[in-house]
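Here are my notes on the model, set out as numbered points. Please read them with the structure open.

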Protein chains: 2
Amino acid sequence: MYGTAMAQAQAQPTRAAVGDSEFDRDTAVTRREPGVYDAELSAGWTIISAVNGGYLLALLGRALGEALPHSDPFTVSAHYLTASRPGPAVIRTEVVRTGRTLSTGQASLVQFEDDGTEVERIRVLATYGDLDGLTPEVRTSAAPPAIPPIEQCLGPGDGPAPIPGSSAITDRLDIRLDPATVGWAVGAPSGRGEMRGWFGLADGRDPDPLSLLLTVDALPPTSFELGLTGWTPTVELTTHVRCRPAPGPLRVSITTRNLAGGFLEEDAEVWDSADRLVAQSRQLARAPRP
Amino acid sequence: MYGTAMAQAQAQPTRAAVGDSEFDRDTAVTRREPGVYDAELSAGWTIISAVNGGYLLALLGRALGEALPHSDPFTVSAHYLTASRPGPAVIRTEVVRTGRTLSTGQASLVQFEDDGTEVERIRVLATYGDLDGLTPEVRTSAAPPAIPPIEQCLGPGDGPAPIPGSSAITDRLDIRLDPATVGWAVGAPSGRGEMRGWFGLADGRDPDPLSLLLTVDALPPTSFELGLTGWTPTVELTTHVRCRPAPGPLRVSITTRNLAGGFLEEDAEVWDSADRLVAQSRQLARAPRP
């Protein structure tokens, strides 16, 4: 499916620009009153019928970037309360503290039942800053994940449809998984809590701090490689954006060390084309029933 | 200093009990009105003049455990706003969502200036559950950290005072660091972002889910072993409690993979005496100026 979108993107002489792409249009928020924003959750970012948690996080992150005096997310902690549905939503923000280099805000995304009842979907605490104001010092002991070249990695067009049902988000992402972590798609999961791959937006839009919030929750769950199929709903997801990403494809590595008691953590690292570690995230998720 | 407290604890026939220890008394909260609690930040948990962030987290965690229908912290995300001082504080809580197995709350710790101005210190989002209700399944690929036996590890009484100035918290904790990660104390940091050791409360109180919130932020910062001295203030700290800890000493391993742009992450794992991974945490902190 997105093989088609990919081919189209590659055929186009111009790639979608940051600020003028599907991702930007679908994360647009409109200020209704100070600190309150209207949003439309696009059906284009759903997995089966659920709206992707990373897309929702980018929406909340965008509203907070407008509400706070600093524009870049440094650390964003999201607690997922109820499953969001495509359609209208309201995001309420609060400025918690404003500092010289960092400011902290809170945001809540709500939707409305047919009878008008308000239901909160996600609540977020976030600290923002200015990524361009960081010192150039880099003393990283972490190394980029060992992922084969993109042309050796596998997209949805390269095998059996990995996710049953309608997954609109597949058309919008260009994810190529490391063959070492796709055993689950052919009934032979590795048994290791690892998922790795290349990540891009299908229309070629380059990454920015906001799209990194989508990237950290876009790969299939590590639980697939642990031999569990089914839904792995996020309870909480915290993302650190550590560097403004360079243009070009990203590499994402997700690891799970502890599946226990019906829950698992997923740690994601995102590396840019300049070999910089641009984001780290950890989520607590419910494991599918074995 | 805490060598004395240790000797006293070891000489006592009875260890302090959970619910009747210094930690329990110093994290007591008194309900003033529904959802609002009075607390007294004890000077006993300070490092130089700053109140320890893990102790503060345990205080907030205790208030949330009283306010929410579930009593055990599963995931707690804290954003540190301003430095707390010993003395009175007020904790305001909000029940965000109540579910069957999980409930989510928010808490804010505030103190007051001499002129009565309210200053917010920390804001927390947390999801609580029932650790005893978890399935017994454990499929952990993580292994406990390789730390020498406790009698081969080093406490404050075993060498030069590691932390300059008054550190009251040292008397309340029984931390024995892995000799491989104490180079910083003798001017020979390893250059690796690692800190490991045994953790207990000096009065022998056994661990529980609340004290784990203290444990994850109690060791010296990894930045010491990276050759940086000075303050490493926490910006955000998220802790997952994964299992009710067994009685006895804990092992804590902290790693930093990415020191860059003046910030670093610290990942902590806490293992109990039954070799269970009982807590995982990650914080984003400001690096000391080199």
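1. A word on terms before the domain points: the domain bounds used here come from an automatic or database domain assignment. The model itself is predicted.

2. Domains of chain A. The assignment splits chain A into domain 1 (9-131) and domain 2 (153-286). Their C-alpha centres are 20 Å apart. Contact between them involves 36 residues of domain 1 of chain A and 33 residues of domain 2 of chain A.

3. Area between the domains. Domain 1 of chain A and domain 2 of chain A bury about 3,000 Å² between them, and carbon and sulfur atoms give 60% of that area. Three residues deserve a look: Phe23(A), Ile48(A) and Leu131(A). Together they supply 17% of what domain 1 of chain A buries against domain 2 of chain A, more than any other three residues.

4. Polar links between the domains. Four salt bridges are counted between domain 1 of chain A and domain 2 of chain A. Glu22(A) forms a salt bridge with Arg172(A), with the closest N and O atoms 3.3 Å apart. Across the same domain interface, 19 residue pairs are in polar contact, both residues being at pLDDT 80 or more.

5. Elements on the domain 1 side. Which elements of chain A each supply at least two residues of the side that touches domain 2 of chain A? They are helix H2 (22-26), strand S3 (46-47), helix H3 (53-67) and strand S5 (72-80). S5(A) gives the most, with nine residues. By class, this side of domain 1 of chain A has 19 nonpolar, 11 polar and six charged residues.

6. Strands within chain B. S1 (residues 30-33) and S2 (residues 36-41) of chain B run antiparallel and are joined by three bridges. Glu33(B) has Val36(B) as its bridge partner in S2(B). The hairpin of S1(B) and S2(B) has two residues between the strands, and Gly35(B) takes a positive phi near 85° there. S2(B) also pairs in the antiparallel sense with S6 (residues 87-98) of chain B, over six bridges. Ala39(B) has Ala89(B) as its bridge partner in S6(B).

7. Area between the chains. In chain B, 55 residues are in contact with 56 residues of chain A. The two chains bury about 4,900 Å² between them, with 48% of it on carbon and sulfur atoms. Arginines stand out here: Arg242(B), Arg257(B) and Arg282(B) supply 15% of the area that chain B buries against chain A, more than any other three residues.

8. Polar links between the chains. How many salt bridges are counted between chain B and chain A? The count is eight. One pair to inspect is Glu265(B) with Arg242(A), whose side chains meet in a salt bridge at 3.5 Å, N to O. Across the interface of chain B and chain A, 47 residue pairs are in polar contact, both residues being at pLDDT 80 or more.

9. The chain B side. Strand S16 (residues 277-286) of chain B provides the largest share of the side that touches chain A, seven residues. The residues on this side of chain B divide into 21 nonpolar, 20 polar and 14 charged.

10. Strand pairing between the chains. S14 (residues 258-260) of chain A pairs with S9 (residues 138-140) of chain B in the antiparallel sense, over three bridges. To find the register, start at Leu259(A): its bridge partner in S9(B) is Arg139(B).

Terms used:
Residues are numbered from 1 along each chain as its sequence is written. Chains are lettered from A and ligands numbered from 1 in the order in which they are written. This is a predicted model: local features need pLDDT of at least 70, side-chain atom pairs count only at pLDDT 80 or more; totals for chains, interfaces and linings use all residues. Side-chain values use heavy atoms; hydrogens and water are left out. Contact means heavy atoms within 4.5 Å. Buried area is the accessible area (1.4 Å probe) that two parts lose on being put together, summed over both. A polar contact is a pair of N or O atoms within 3.5 Å; within protein, one must be able to donate a hydrogen and the other to accept it, and residues adjacent in sequence count only if both atoms are side-chain atoms. Helices (H or I, at least four residues) and strands (E, at least two) are DSSP runs, numbered from the N terminus. Ala, Val, Leu, Ile, Met, Phe, Trp, Tyr, Cys and Pro count as nonpolar, Asp, Glu, Lys and Arg as charged, and the others, Gly among them, as polar. Two strands pair if DSSP finds at least two bridges between them.
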